[in-house]
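Please open the model in your viewer and keep a selection panel at hand. The stops below go from the whole chain to single side chains.

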Amino acid sequence: AIKAYIETGDPMDKAGAYGIQGVAGSFVKGIQGCYFNVVGFPVHRFAKEVRHTLLASIRSDRNV
């Protein structure tokens, strides 16, 4: 299975030689934590940080 995967050329442009969101995801039995952290962009964390920043800005504007 791994040899066939290599022959697809898919691992040649990947850090770690696979992308969980592609064909190689079939090799992964499971993940712990946020899927988007595994893929490479922590969407949930980003949204939390944006929310925190916006709320802090709103609070700051009210106190001026």
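Relative accessible area sorts residues into three classes: buried means under 20%, exposed over 50%, and partly exposed in between, with a 1.4 Å probe and protein chains only. This is a predicted model, in which local features need pLDDT of at least 70 and side-chain atom pairs count only at pLDDT 80 or more, while totals for chains, interfaces and linings use all residues. Residues are numbered from 1 along each chain as its sequence is written, and side-chain values use heavy atoms, with hydrogens and water left out.

**Whole chain.** Begin with the chain as a cartoon, which shows three helices and zero strands, where helices (H or I, at least four residues) and strands (E, at least two) are DSSP runs numbered from the N terminus. Along the principal axes, the C-alpha atoms fill a box of roughly 65 × 20 × 15 Å. The radius of gyration of the chain is 19 Å, whereas a compact globule of 64 residues would have a value near 11 Å; the radius is taken over C-alpha atoms, and the globule rule is 2.2 Å times the number of residues to the power 0.38. Of the 64 residues, 9% count as buried.

**First selection: D10, D13 and K14.** Show these side chains as sticks to see two of the salt bridges, each defined as a side-chain nitrogen of Lys or Arg within 4 Å of a carboxyl oxygen of Asp or Glu. D10 pairs with K14 at 3.1 Å between the closest N and O atoms, and K14 also pairs with D13, at 2.8 Å. D10 is partly exposed because its relative accessible area is 23%, and K14, at 29%, falls in the partly exposed class too, whereas D13 is exposed at 62%.

**Next selection: R45 and E49.** Where do these two residues lie? Both are in helix 3, four residues apart, about one turn of the helix, and their side chains meet in a salt bridge of 2.9 Å, N to O. R45 counts as exposed because its relative accessibility is 52%, while E49 is partly exposed at 37%. Returning to the earlier selection, salt bridges that share partners join D10, D13 and K14 into one network.

**Last selection: the nonpolar patch.** Colour the surface of residues including I31, Y35, F36, V39, F46 and L54, which belong to a nonpolar surface patch of about 830 Å². Helix 2 (35–39) and helix 3 (43–62) each supply at least two residues of this patch. Finish on V39, which is found in helix 2 and counts as partly exposed because its relative accessibility is 34%.

Technical notes. Patch = residues over 30% accessible without salt bridge, like charges linked within 9 Å, V, L, I, M, F, W, Y side chains within 5 Å. Areas by Shrake-Rupley, 256 points an atom, 1.4 Å probe, with all protein chains shown as cover.
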